[in-house]
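Thank you all for making the time this morning. I would like to walk through one model with you, so please have the sequence and the structure open while I talk.

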Amino acid sequence: MSTNRPLTLKLRKFLLAALLVLICVLIVHWLNEQNKPWIVPEEYKSLKNPLLPSESVLSSARQIYADECAQCHGEHGKGDGPEARTHSPLPADLTDAKRMATVTDGEIFYQITQGRRPMPSFKRRLTQDQRWQLVLLVRSFSQPAAQTNPSDNKQP
Ligand code: HEC
């Protein structure tokens, strides 16, 4: 019995070291994943939205958004839905005009289509048309003026 005690001790130390290394590797991997920019293939970036913004398109998009997106992205796209805090990374703030100005419609379409953990993919859940409607709605979050009647919005 006593002869294999040193061995168990060695084994334990080895296992502990291996566990620590594994934890470090996982943390580094996780941090890497968190900070990775969302790469969108070129052929998607240049896609044009086949739909034009109109009140009827936006209102059906709002319906889909309330069912599928608002729990994370919040009612007005601020990223403050009731589920938002349980996710890492946090849901993006879709009202941030500066950030949204840097993405094309095609990129937003791709992001909705593919998803990225924790955001699900909507490729099967929504039709292509519905996804393009959502692109228009997402755009309207960072351009509140586009949502209102143009005549309310006269230049001085
Ligand atoms: C489970 C929560 C969740 C749901 C549901 C969800 N999203 Fe997201 N969404 C996220 C998270 C988290 C990110 C950030 C992902 C990242 O940066 O890796 C994100 C990112 C995005 C982005 C990219 C914004 C950017 O510039 O980074 C868009 C656009 C978007 N979501 C739209 C939608 C739409 C539209 C829906 C509904 C069809 C939806 N999301 C449903 C969690 C969610």
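Helices, when I use the word, are DSSP runs of H or I with at least four residues, strands are runs of E with at least two, and both are numbered from the N terminus. With that in hand, I can place Pro118 in the loop between helix 6 and helix 7, and the peptide bond that leads into Pro118 from Arg117 is cis, with omega near 0°. For context, most residues other than glycine have a negative phi, and most peptide bonds are trans.

Before going further, I should say that this is a predicted model, in which local features need pLDDT of at least 70 and side-chain atom pairs count only at pLDDT 80 or more, while totals for chains, interfaces and linings use all residues. Residues are numbered from 1 along each chain as its sequence is written.

Let me start with the overall picture. The secondary structure of the chain comes to eight helices and zero strands, and of its 156 residues, 15% are buried; here a residue is buried if 20 or more other C-beta atoms lie within 10 Å of its own, exposed if 12 or fewer, and partly exposed in between, with the C-beta atoms placed from the backbone. Contacts, by which I mean pairs of residues whose C-beta atoms, again placed from the backbone, lie within 7 Å, are often between distant parts of the sequence: among those with a separation of 6 or more, 57% join residues 24 or more positions apart.

Now to the packing of the helices, beginning with helix 3, residues 55-68, whose axis comes within 8 Å of that of helix 7 and crosses it at roughly 95°. Axes here are lines fitted to C-alpha atoms, for helices over the stretch in contact, and the angles run from 0 to 180 degrees between N-to-C directions. Angles under 35 degrees count as roughly parallel, over 145 as roughly antiparallel, 65 to 115 as roughly perpendicular and the rest as oblique, and helix 3 and helix 7 are therefore roughly perpendicular to each other. On the helix 3 side, the residues that meet helix 7 include Val57, Leu58 and Ile64, and on the helix 7 side they include Leu134, Leu136 and Leu137.

What about helix 6 and helix 7: at what angle do their axes cross? The angle is roughly 120°, with the axes coming within 9 Å, and that makes helix 6 oblique to helix 7. The contact is made by Asp105, Ile108, Phe109, Ile112 and Thr113 of helix 6, together with Arg131, Trp132, Leu134, Val135 and Val138 of helix 7. By class, this contact has seven nonpolar, one polar and two charged residues, where Ala, Val, Leu, Ile, Met, Phe, Trp, Tyr, Cys and Pro count as nonpolar, Asp, Glu, Lys and Arg as charged, and the others, Gly among them, as polar.

Within helix 6, Ile108, Phe109, Tyr110, Gln111 and Ile112 are buried, and what covers the buried residues of this helix includes helix 2, residues 42-45, as well as helix 7. Helix 6 is followed by Gly115, whose phi is positive, near 65°.

Val138, in helix 7, is buried because 24 other C-beta atoms lie within 10 Å. Leaving aside its neighbours within four places in sequence, Val138 is in contact with Gly77, Leu94 and Ile108, and the C-alpha atoms of Val138 and Ile108 are separated by 8.3 Å although the two residues are 30 apart along the chain.

Turning to the loop between helix 4 and helix 5, we find His87 there, partly exposed, with 14 other C-beta atoms within 10 Å. Leaving aside its neighbours within four places in sequence, His87 is in contact with Cys72 and Pro118, the latter being the proline I began with. Thr86 has its place in that loop too, and Thr86 is exposed, with 11 other C-beta atoms within 10 Å. Pro89 is also in this loop, and the peptide bond from Ser88 to Pro89 is cis, with omega near -5°.

Finally, the ligand. Of the 22 residues around it, Cys69, Cys72, Pro91, Ala92 and Met119 come nearest, where a residue counts as near a molecule or strand if its C-beta atom, placed from the backbone, lies within 6 Å of it. The shell divides into 15 nonpolar, four polar and three charged residues, and helix 4, helix 6 and helix 7 each supply at least two of them.

How values were computed:
Contact = placed C-beta atoms within 7 Å.
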